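Reader: I would like a close look at a single part of this protein, with enough of its surroundings to place it. Please take one helix and show what it packs against.

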Amino acid sequence: MKLSSKTHYGVQVLSLIAANDKSFSAKELEKYTGVSSKYLEKVLKILLGCGALVSQRGASGGYTLAKPAEEIKMGKVVRALEEDNMEIIGCVNKPGCCCPSSALWKKLFDGINAILDDVSLKDIVEGNL
C-alpha cells in the first residue's frame, strides 16, 4: 500500500502550521511544500472539508488549524486525503466476502486505522511516535 502525495503534502502543511502556531497564506504553503498552487488548492480544500483547517480571507488571513493540534487525529485526516479511503483490497469493507484471505486484509486495514486514529497532529510535531 502506498499513500498518495496528497496525504504526504497534507500532513506536511498541517505540521508546518501546528509547529509555527500561526496563519499561512496559500503562497507561503506553496513555497514550503514546492507543490503547484493548483494541486495544493485540492489538498487545502480537503483539509478544510475534514475540519482540520479553517481559512480567513484578507490581508491578515490565511490557513490556520481548526482546533488544537492534539485534537486533530491523523486517521480522519489521512482517510479524507486518500481517495480510496485506504482500502487495501476492494473487499476489505464488504460483509460476506468469500475471499480466503479477507480476514488478513481486514486485520491489516483495522490495524493501520487504529494506529492513525491514535496519533494526533501534536504527536507528529513533537516527535512523540
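**Helix α4 and its surroundings**

Author: The helix chosen here is α4, whose buried residues pack against α1 (5-20), α3 (37-49), α5 (102-118) and α6 (121-126). The model is a predicted one.

Helix α4 spans residues 74-81, and its buried residues are Met-74, Gly-75, Val-77, Val-78 and Leu-81. These residues lie on the same side of α4, because the arc they cover around the axis is only 165°.

The setting is a protein of six helices and two strands. In sequence order the pattern is α-α-α-β-β-α-α-α. Of its 129 residues, 33% count as buried. The C-alpha atoms fill a box of roughly 55 × 30 × 20 Å along the principal axes. Contacts between residues at least 6 apart in sequence join residues at least 24 apart in 61% of cases.

One residue of α4 leads on to the core. Val-77 is buried, and in the largest nonpolar core, which has 29 residues, Val-77 is named with Leu-29, Leu-53 and Leu-65 as touching the most other members. At least two residues of this core come from each of α1, α3, β2 (62-65), α4 and α5. Helix α1 gives the largest share, six residues. As a general rule, nonpolar side chains in soluble globular proteins tend to be buried together.

Leu-53 shows what such a core position touches. Apart from neighbours within four places in sequence, Leu-53 is in contact with Val-13, Leu-14, Ile-17, Leu-44, Leu-47, Leu-48, Tyr-63, Thr-64, Leu-65 and Ala-66. Among these contacts is Leu-65, itself one of the four core residues that touch the most other members.

Two of the helices that α4 packs against, α1 and α3, also share an aromatic contact. The whole structure holds one aromatic pair. Tyr-9 and Tyr-39 form this pair edge-to-face, with 6.3 Å from centre to centre and 85° between the planes. Tyr-9 belongs to α1 and Tyr-39 to α3, so the pair ties together parts 30 residues apart in sequence. Tyr-9 has 22% relative accessibility and therefore counts as partly exposed. Tyr-39, at 25%, also counts as partly exposed.

Another ring contact involves a charge: the charged end of Lys-22 sits over the ring of Phe-24, 4.4 Å from the ring centre.

As for the outside, the accessible surface of the protein comes to about 7,900 Å², and carbon and sulfur atoms account for 54% of that area.

Key: Residues are numbered from 1 along each chain as its sequence is written. This is a predicted model: local features need pLDDT of at least 70, side-chain atom pairs count only at pLDDT 80 or more; totals for chains, interfaces and linings use all residues. Side-chain values use heavy atoms; hydrogens and water are left out. Buried means under 20% relative accessible area, exposed over 50%, partly exposed in between (1.4 Å probe, protein chains only). Helices (H or I, at least four residues) and strands (E, at least two) are DSSP runs, numbered from the N terminus. The arc is that of the directions from the helix axis to the C-beta atoms. Contact means heavy atoms within 4.5 Å. Rings of Phe, Tyr and Trp (its six-membered ring) pair if their centres lie within 6.5 Å; planes under 30 degrees apart count as stacked, over 60 as edge-to-face and the rest as tilted. A charge sits over a ring if NZ of Lys or CZ of Arg is within 6 Å of the ring centre and within 35 degrees of the ring normal. A nonpolar core is a set of buried Ala, Val, Leu, Ile, Met, Phe, Trp, Tyr and Cys residues joined through side-chain atoms within 4.5 Å. Accessible areas come from the Shrake-Rupley method with a 1.4 Å probe; for residues, only the protein chains shown count as cover.
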